[in-house]
Amino acid sequence: MSAESMKQYHEEIRESLDNAFLRETLDKFAVAYRANRTAVFADLNAKELIKEIADAKDKYVSRLDELYEQFSREASKRGVHVHRAATAADANEIICRIARENNCTKIIKSKSMTGEEIHINTALEAAGCKVVETDLGEWIIQLRKEGPTHMVMPAIHLSRHQVADVFAVETKRKQDSDIERLVKVARRELRVKFAEADMGISGANFALADTGTVAICTNEGNGRLTTTLPRVHVALCGLDKLCPDIHSAMRVINVLPRNATAQIITSYVSWMTGATNCGVTPDRKKIMHVVFLDNGRSALAKDPACRDVLRCVRCGACANVCPVYRMVGGHKMGYVYIGAIGLILTYFYHGRDRARALVQNCINCEACKDICAAGIDLPAIIQEIRARLVEEEGSPLESTLLAKVLSNRGMFHTLLRFGKWAQRPVTGGTPFVRHLPDIFLKGQGFRALPAIAGTPFRNKWKKLAEGLPQKGKYRVALFAGCAQDFIYPEQLEAALEVFKAGDCSVDFPMEQSCCGLPVQTMGERKASENVAFQNVKAFAAGGYDYIITLCASCASHLKHSYPGLLASYPNMTFEVEQFASRIIDFTSFTRDVLGLGEEGLRRTDEKVCYHAPCHSCRGLGVTEQPRDLLKAGGNYLPSAEEDSCCGFGGTYSVKFPEISAEILNRKLNAFEASGASTLVTDCPGCVMQLRGGEEKRGRKLKVQHMAEFLSSRLKK
């Protein structure tokens, strides 16, 4: 990513969206990867192993200085020279000096993201050296003079025809686009480089402190040739690659290849302990150096909000499952490091100027968090960085306005009520905004936006409450959020029918407001705290068995984020814990608490498909409950990638409408292909996105909230 402004960034994004080959390739990879990863983890308890890795990594991170000193002592005993570089410039200077002192001018390099981080090739070339990448993908992109588009598969964005053209220029002869022949060309060209090289540079997946051992995991033999053939070997690795012993490394190796490429083990795992024999040096020993790069890692290790990123094992899986990466590729979703981890590391390793636009391009679907081999809460750290950027540089105007409005419940609700009247010229008397000028919400033409309801739910509540049980089996409170209170009150009314059938006494605290997630994702930390404070207070005195919300995003935010947001209010700790512990999503409450199923539902033959909201299936871990309910009340037809993002992401669809539209189109194509006539989901935001998209397409599918689906099938 080379853009210096959001306008330029959007232009670069459009280039990727218009690249048909890139889109097709990343689509195929994303689908195949999910299936293959599931299969390769079948014999392991993935969550348990990932937790072990996370716990162990946290211990190492707190001991980086100690582990470095131990590694340095042990490696030095075995003839290895160990260096510690504070910055990227320092690391480049050290490696260039090693080349100069040993008269090295021809250098080969195996794949190293740390090398990419410090731009070592550029530094060595400026010092008069010839540097050749020997990983096939890295060599291809080096010849194209571009960076990797994936941490593990750097040239996944290129077709075989493009590679053939690159090789034709390099070899000065026309090349066949057959993949096997291209591999042979690469092998022939690179073998000469291996034989002539003075120095080999590698990365390191692990640096074992107890023996001074460096280890690399590769799928090509180039890694071993690079570290063994030249008389000088330099291993470059981040301080975060230090670990105590081989047991620590083996734990990660059990997950790394499975998560990276869905294979049980890489083709080669090479362990290098000490300087080995070498016939061409005076003492007949290889000249081996290990350069540890800090470049902000020590400071990051002391950062309580972000230190978990140092757990990263560089598997690249966060990109593999990211709906945004799938649309635009790594060159538009990273600077050096790619995917969710790349958005974060760009800020810490390359500065906020490089990260400013990138860090906005996260849809907060939590797919990366769900799959991370080290259990890193990547979306939360991205939100933390957004908050820091706001604190460092100030808020954009739209962010400031939204923060002020949401912090003042009265003002917020007054504006929504005013919107009911202001929208009349653009709704045409329909439930959708049909004629909104582009000046108001640019790029939103890919979906029909909903109109504000004539009467919000809160204005109907008093009358609706009269028909509900006063002393039911359960005493519950309804958290409406903003979308259902003012846009989709019929969804809440449908839920009341279900609660009534389940003998629930229902309360609706009038002081409640938006959950605050929109301002949280925009980095408005103080406004997010203010909203959380208001909502906890609104429900504090009720003594409810459950607090139920029909929005998966609200439920996940209320349950998981509020305790952290309000941690600075120690006198509220008990209230916040009580509030969070009572939060439950509508679907789980209906299925697991009320026990609604075939006995309580009238089953029809209507063909129904399901969209799993991101914060339901991942944020809350709710997977079987909605499908059980759909099977009990209709003819449920599974569709492709039900649990992938719909492209809404709240404010994301406004900031990046071009990406949101493409994700939505892919989802709707899959649902329509299922043969269903009705699409059901558990989140009003997803309803807004999917229903709006279907309205634009001509309403092939009826889109319903789960509450609407269930209330229409209750046995009377």
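Here are some short exercises on a predicted model, each with a worked solution.

**Exercise 1. A pair of rings**

Task: Decide which kind of aromatic pair Trp461 and Phe508 form, and where the two residues sit.

Solution:
- Step 1. Start with the whole picture: the structure holds 21 aromatic pairs.
- Step 2. In the pair of Trp461 and Phe508, the ring centres are 5.9 Å apart and the planes meet at 45°.
- Step 3. Planes under 30 degrees apart would be stacked, and over 60 edge-to-face. The angle here is 45°, so the pair is tilted.
- Step 4. Now find the residues along the chain. Trp461 belongs to helix α24 (residues 457-465), while Phe508 is in the loop between β14 (504-507) and α27 (517-521). With their positions 47 residues apart, the pair links distant parts of the chain.
- Step 5. Finally, check accessibility, where buried means under 20%. Trp461 has 9% relative accessibility, so it counts as buried. Phe508 has 2%, so Phe508 is buried as well.

**Exercise 2. Another tilted pair**

Task: Describe the pair made by Phe479 and Phe539.

Solution:
- Step 1. Take the geometry: the centres are 6.0 Å apart and the planes are at 40°, which is a tilted pair.
- Step 2. Locate the partners. Phe479 is in strand β13 (residues 474-479) and Phe539 is in helix α28 (residues 525-539). They are 60 residues apart, and the pair links distant parts of the chain.
- Step 3. Look at the surroundings: both Phe479 and Phe539 are buried.
- Step 4. For further practice with rings, find the cluster that ring pairs build from Tyr474, Phe499, Tyr546, Phe586 and Phe589.

**Exercise 3. Two packed helices**

Task: Work out how α28 is oriented relative to α30, and which residues make the contact.

Solution:
- Step 1. Recall what to look for: packed helices are described by the angle and the distance between their axes.
- Step 2. Helix α30 covers residues 573-582, and α28 packs against α30 at about 80°, with 10 Å between the axes.
- Step 3. Angles of 65 to 115 degrees count as roughly perpendicular, so α28 is roughly perpendicular to α30.
- Step 4. List the contact residues. From α28 come Asn535, Val536, Lys537 and Phe539, and from α30 come Glu575, Val576 and Phe579. Phe539 is also a member of the tilted pair with Phe479.
- Step 5. Sort the contact residues by character: four are nonpolar, one is polar and two are charged.

**Exercise 4. A proline in a loop**

Task: Find where Pro469 lies, and say what it touches.

Solution:
- Step 1. Pro469 sits in the loop between α24 and β13.
- Step 2. Its relative accessibility is 22%, so Pro469 counts as partly exposed.
- Step 3. Set aside the neighbours within four places in sequence. Pro469 then contacts Lys500, Asp503, Cys504, Ser505 and Val506.

**Exercise 5. Positive phi**

Task: Compare the places of Ala262 and Glu641, and say whether each is buried or partly exposed.

Solution:
- Step 1. Keep the background in mind: most residues other than glycine have a negative phi.
- Step 2. Phi of Ala262 is positive, near 60°. Phi of Glu641 is positive too, near 50°.
- Step 3. Ala262 is in the loop between α13 (256-261) and β9 (268-273), and Glu641 is in the loop between β18 (635-636) and α34 (652-655).
- Step 4. Ala262 has 16% relative accessibility, so it counts as buried. Glu641 has 22%, so Glu641 is partly exposed.

Conventions:
Residues numbered from 1 in each chain as written. Predicted model: local features only at pLDDT ≥ 70, side-chain atom pairs only at ≥ 80, totals over all residues. Heavy atoms only, no water. Phe/Tyr/Trp six-rings, centres within 6.5 Å; stacked < 30°, edge-to-face > 60°. Helix = DSSP H or I, 4+ residues; strand = E, 2+ residues; numbered from the N terminus. Buried < 20%, exposed > 50% of the residue type's maximum accessible area, 1.4 Å probe, protein only. Axes fitted to C-alpha atoms, helices over the stretch in contact; angles between N-to-C directions. Parallel < 35°, antiparallel > 145°, perpendicular 65-115°, else oblique. Contact = heavy atoms within 4.5 Å. Nonpolar A, V, L, I, M, F, W, Y, C, P; charged D, E, K, R; others polar.
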